[in-house]
Amino acid sequence: MDFTLVSKFKPMGDQPSAIKKLTAGIHAGTPFQTLLGVTGSGKTYTMASVIEKIQRPTLIMSPNKTLAAQLYQEFREFFPHNAVHYFVSYYDYYQPEAYIPHTDTFIEKEAMINEDIDRLRHAATQSLLTRKDVIIVASVSCIYGLGSPETYKKFRLTITKGDTKKRQPFLRQLSTLQYRRNDTEFARGTYRVRGNTVEIHPTYSDKEFVRVEFDGDTIAHITFRDIAGTKGEISSIEIFPASHHLAEPEKLEFFFAQVKEELKIRLAQLKKEKKITEAERLERRVKYDLEMMRSVGYCQGIENYSRYLDGRNPGEPPFTLLDYFNYDSKKTNHKSEIINLKSKDWLLFMDESHIGVPQIRGMYAGDRSRKEVLINYGFRLPSALDNRPLRSEEFANRIPQTVFVSATPGPHELSICKRDQIIEQLVRPTGLLDPQIEIRKTEGQIPNLIKEIEKRIAKHQRVLVTTLTKRMAEELADYLKEEKIKVTYLHSDIDTMERLDILNDLRKGTYDVVVGINLLREGLDLPEVSLVAILDADKEGFLRNDTTLIQTMGRAARHLEGRVIMYADRMTGSMKRAIEETTRRRKIQETYNKKNNITPRSITKALMKPIIDPVEEK
């Protein structure tokens, strides 16, 4: 289907000009453009309008799961007839495998996988391989290894009514796709057998399942079902693998041979270096992994062998979500099974790019440092280094025409875009001005803050308070509770889905105040917030530089009475630059309002819906 934008809004303020310039730049083949848009100016609507005009599959990268969820909901509402998906890390908690030499401490990989997010990831990749009208909102997890799109698509199982299939080979095919048989607990990624009927629970859904009925060796009926009952009979369906990391059965012996050869070479190196303990440890671990692979087709930490599973050469980058966008079966090099990366007929919007670009640069170095220690002490083979995120230059080679989106673009975006490729969107359609800013002394700041909070509560308005550490956020929230204020804290230890609930509860009035650190910054759309209080505003650093301050102050820019209080004892360079830029933007909006006789009005917006399965809605 074509992308069809559905909205009650029409382009206003700077939006018409921004949409026209961005679209023209893409048609002209401009590789990079920057949309410099202030908070509340409707950048999301501008992006959606460009997607409708360009008609290409689109990836929207967001710096964290919370903002990605907000964008996902907005794009799902803008494009109800198209495939809009959410792709973020499926870990609610993740402790990577690590070794600390000076204390001889090995830390096993420990993770809590969020089944709902894993389901949405599968829905996203399946849509990319089966249709063109796809928008995926993703976090930086999209640059991490995902498994070959060629293998993922090749191993899908096509089930067609009337086909001749013997039941036992059919069940073996499901097992190859890493579906587990479970006749008692029917869950995602499992199948069960009842007489001549096989029921399959696809990975992309938590409610739907497929019933396949056999008449001898013939598939007689295929029906979609859910908890409520039959949804309808279908003639054909494709079942994609239950995992993105697959070991092809016919290549397993070659896989085993490659791993054993690397193990042999590595053991010789360790013994030559007189690292006998490390050699014994490595041999024991790898042999156990291979035995697990031979027995069940899977092992703990299978991703560390992904170079062999994907058929990659040493040092070659892993397959990622970007390869699913770039995938073109007609251009696959079947000899090496490495995807041809010239098919870039899609778009990338990097939202809050001033954070996203440095994120990408920093991921590779940290991952490599940890793995080198594991390899040196015999916990992993050297090939584990090839299970990694993309380097920044590899990311650059894989992306299509890109639009950086930020209220505060970073030096990278500004350096690679010419002046006419930086499109400003400073005027808000609502006429709202940037918030007024006040600086107050830190002495007595908490009693003063409480008085300001009480004023907003009396008007049924909300407050955000930013601190420098998680502990400060929690302790301040506890103190405000003692003062009978409805408050909670928000930081990175809160899992993805709970963060969204907290923000919705703030908007509904379950809480009047949320205390946080750097999550209360870029992109959060909270129209009820009229006050942002920044504690320790004069502590120069990452959390109090001019970019961060501008972004934090922007959370009050969606309310008619928006105001910012900085608690500080001195004026830092960052504070001065942030105030000057906010004042400049405020004057531009004032001039526009006077010229067009616009009376500012607060933004009104529906609450964020739960992140539910997009496939079920279509």
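Here is a short walk through this predicted model, starting with its confidence and moving on to one of its sheets.

Let's begin with how far the prediction can be trusted. The protein has a mean pLDDT of 87, with 92% of its residues at 70 or more. Strand β2, residues 58-61, marks the high end with a mean of 97, while helix α19, residues 614-617, has the lowest confidence, at a mean of 40. Over residues 613-618 the pLDDT is below 50, and the model gives this stretch 22 contacts beyond near neighbours in sequence. Residues 332-342 also stay under 50, and here the model has 27 contacts beyond four places in sequence.

Now turn to the sheet. In general, strands of a sheet pair through backbone hydrogen bonds, either parallel or antiparallel. Here, six strands form an open sheet with parallel pairing, in the order β20-β25-β24-β21-β23-β22. The edges belong to β20 (436-440) and β22 (487-490); each has a single partner strand, so one side of each is left without a neighbour in the sheet. From one strand to the next, the twist averages 20°.

You can look at one edge in more detail. Strand β20 runs parallel to β25 (residues 563-567), and five bridges join them. In one of these strands, β25, tyrosine 567 is the bridge partner of arginine 440.

Finally, add the helices. Helix α14 (residues 445-458) lies across β20, β21 (462-466), β23 (513-516), β24 (529-534) and β25, and runs at about 170° to β25. Helix α17 (residues 546-553) lies across β20, β21, β24 and β25, running at about 150° to β24.

Technical notes: Residues numbered from 1 in each chain as written. Predicted model: local features only at pLDDT ≥ 70, side-chain atom pairs only at ≥ 80, totals over all residues. Heavy atoms only, no water. pLDDT = per-residue confidence, 0-100. Helix = DSSP H or I, 4+ residues; strand = E, 2+ residues; numbered from the N terminus. Contact = heavy atoms within 4.5 Å. Pairing = 2+ DSSP bridges. Axes fitted to C-alpha atoms, helices over the stretch in contact; angles between N-to-C directions.
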